[in-house]
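Q: Please take a close look at one part of this model, the salt bridges. How many does a search of the whole structure find?

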Amino acid sequence: TNGCVPVIIQDEVLVALEGWLDVTKFSIRVARKDIPRLLDILRGVPEEEVARLKAGVRAVWTRFTWATSFRDELARCRAGKVRCTPMLERVS
């Protein structure tokens, strides 16, 4: 997750799993009309809110991965066939 918080810029569109997960717990939604103010909006998010959102991302990030792809990439990493990314190195 690398400490990232997703920023969703899609008016009236559901993102993946939005019907099952409360995306407000791990992302920030910005309207298209507010794109010119995006940096100001993001800089205005209080640190406590950023910490809460990051915790939310940590709780759901695995729901957005393809388990078999990750497992296969981890196997290639362990076999030395591909360079291990920092995330793979943490679990290998």
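A: A residue is called partly exposed when its relative accessible area lies between the buried class, under 20%, and the exposed class, over 50%. The model is predicted, and a search of the whole structure finds three salt bridges.

One of them pairs the side chains of Glu49 and Arg52, with an N to O distance of 2.6 Å. Both residues lie in helix H2, which spans residues 47–60, and because they are three residues apart there, about one helical turn separates them. Glu49 has a relative accessibility of 29% and therefore counts as partly exposed. Arg52, with a relative accessible area of 37%, is partly exposed as well.

The remaining salt bridges share partners and so join Lys33, Asp34 and Arg37 into one network. Within that network, Lys33 is bridged to Asp34, their closest N and O atoms lying 3.3 Å apart. Asp34 also meets Arg37 through its side chain, at 3.6 Å from N to O. A salt bridge requires the nitrogen to be within 4 Å of the carboxyl oxygen, and the 3.6 Å contact of Asp34 with Arg37 counts as one.

The network residues fall into three accessibility classes. Asp34 has a relative accessible area of 15%, so Asp34 is buried. Lys33, at 67% relative accessibility, counts as exposed. Arg37 is partly exposed, at 46%. Asp34, the buried residue, thus has a salt bridge to the exposed Lys33 and another to the partly exposed Arg37.

Conventions: Residues numbered from 1 in each chain as written. Predicted model: local features only at pLDDT ≥ 70, side-chain atom pairs only at ≥ 80, totals over all residues. Heavy atoms only, no water. Buried < 20%, exposed > 50% of the residue type's maximum accessible area, 1.4 Å probe, protein only. Helix = DSSP H or I, 4+ residues; strand = E, 2+ residues; numbered from the N terminus.
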